[in-house]
Amino acid sequence: MGEFELIRHYFAAAACARGGEGIALGIGDDCALLTLPAEQQLAVSTDTLVEGVHFPRQADPYLLAQRALAVSASDLAAMGAQPVGFTLALTLPNAEADWLQAFARGLDEMAHYCDIRLIGGDTTRGPLSMTLTVFGQVPHQQALKRSGAQVGDLLCVGGELGDAAGALPLVLDPSLSVSEAGDALLGRYWSPKPQLQLGLALRGKATAALDISDGLLADCGHIARASGVALLIEQARVPLSADLLDVAGEEGALNCALSGGDDYRLAFTLPPEHLATLQEQGLPVYVVGRVEVGEGVTLLDTQGRCVQAPASGYQHFGNPRD
Ligand SMILES: Nc1ncnc2c1ncn2[C@@H]1O[C@H](COP(=O)(O)OP(=O)(O)OP(=O)(O)O)[C@@H](O)[C@H]1O
Ligand SMILES: Cc1ncc(C[n+]2csc(CCOP(=O)(O)O)c2C)c(N)n1
Ligand SMILES: [Mg+2]
């Protein structure tokens, strides 16, 4: 199977490659063309996933595609953007029909969940990796940036943290036996659910937001820096799932939540007056701390004393505390 046949058969023909709102031209030309309403801005984000770094060797192609698109779409959620389209640059060691079929099915399912269309890409031969670029729309002045946190805001997260990090030993060693709780954690690693609905609901309410990819502490550091404030996290309020507690124990679970990464849940700062409205809508909003004058991220125990934080989070190069 040649490159063009592969593209035609597995990608151009996929349900997620059918046109949609805002897509004037999709797969097949030198560029795709997007048309946005005049009052909207285009939100753009790109993410690369490399075998052995972001996902294990011999990964199930169906799960891999789901994870790749979820990770990318999560950045749109974090900006409060509505998904429009995405490109897929796929590098493959070889073209295997079964692998491609399963990959395209995983991609289709996550694209359906996110309501996003495949609009183009690139297919090359080489070590397995993929780069997805997502495009979304957000009304002018309404994007959720990292820089707007205000003293007095609450610091919130969009759900239980650490599950995917808790699954990592199981991901890395498939010979380990997996309990029911472990299986649930594996589901959170392979198919994170981008919090798109929450992102939209936070428009005009949250003062800053991002999605947690490197760990709560490290990613909150980005908000603190960009906003010029201090973030205080009350350790006891960090939401942990029963499955994670079961698999990793209390201390292990907390470490996964604080520094594990791979959560793809939102962290955001919120003026207190908006909390009840969001929670009444049934949205997952958990208060974990607050914004104060100062800088950096501080972890507090139940008595309000500073706690020595564990290693701060995932970094590809260099010292994690840089
Ligand atoms: N090679 C690069 N050239 C230009 N800008 C880059 C490059 N790598 C990263 N950036 C930009 O730096 C900022 C931080 O990137 P980073 O990849 O850490 O994003 P993130 O959302 O914090 O993490 P994630 O990639 O896990 O979603 C983003 O604005 C990103 O576009
Ligand atoms: C097999 C395997 N080993 C380790 C990890 C952990 N990991 C890798 S990259 C990253 C941060 C996000 O990446 P980026 O900053 O590039 O978006 C994390 C938490 C994993 N996911 N899979
Ligand atoms: Mg991000």
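In this predicted model, a polar side-chain atom of R146 lies 3.0 Å from an oxygen atom of ligand 1, a polar contact being a pair of N or O atoms within 3.5 Å; within protein, one must be able to donate a hydrogen and the other to accept it, and residues adjacent in sequence count only if both atoms are side-chain atoms. An N or O atom in the side chain of S213 comes to 2.7 Å from an oxygen atom of ligand 1, and for a polar side-chain atom of D75 the distance to an oxygen atom of this ligand is 3.1 Å. The surroundings of ligand 1 consist of D47, D75, R146 and S213, where a residue is near a molecule or strand if one of its heavy atoms lies within 4 Å of it. The model is predicted, with local features needing pLDDT of at least 70 and side-chain atom pairs counting only at pLDDT 80 or more, whereas totals for chains, interfaces and linings use all residues. Residues are numbered from 1 along each chain as its sequence is written, chains are lettered from A and ligands numbered from 1 in the order in which they are written, and side-chain values use heavy atoms, with hydrogens and water left out.

D75 also takes part in the metal site. Together with D211 it supplies the protein donors of the magnesium ion (ligand 3), through OD atoms 2.0 to 2.2 Å away; donors are N, O and S atoms within 2.8 Å of the metal (3.2 Å for Na, K and Ca), and sites may look incomplete, since water is not among the atoms. The two donors are 136 residues apart, D75 in helix α2 (residues 61–79) and D211 in strand β8 (residues 208–211). Helices (H or I, at least four residues) and strands (E, at least two) are DSSP runs, numbered from the N terminus. D211 is buried, at 3% relative accessible area, buried meaning under 20%, exposed over 50% and partly exposed in between (1.4 Å probe, protein chains only).

Turning to ligand 2, V53, H54, Y189, D262 and H316 come nearest of the 16 residues around it. A polar side-chain atom of D262 is 2.7 Å from a nitrogen atom of ligand 2, while a side-chain N or O atom of H54 is 2.8 Å from an oxygen atom of the ligand. V53 uses a polar backbone atom, 3.4 Å from a ligand nitrogen.

Y189 brings us to the aromatic residues. The charged end of R67 sits over the ring of Y189, 4.3 Å from its centre; this requires NZ of Lys or CZ of Arg within 6 Å of the ring centre and within 35 degrees of the ring normal. Likewise, the charged end of K193 sits over the ring of Y113, at 5.7 Å from its centre. Y189 is buried, with a relative accessible area of 2%.

Three aromatic pairs are found in the whole structure; rings of Phe, Tyr and Trp (its six-membered ring) pair if their centres lie within 6.5 Å, and planes under 30 degrees apart count as stacked, over 60 as edge-to-face and the rest as tilted. F11 and F103 have ring centres 6.3 Å apart and planes at 85 degrees, so this pair is edge-to-face. Because F11 lies in helix α1 (residues 3–12) and F103 in helix α3 (residues 97–114), the pair ties together parts 92 residues apart in sequence. F103 is buried, at 0% relative accessible area, and F11 is buried at 5%. F11, W99 and F103 form one aromatic cluster.
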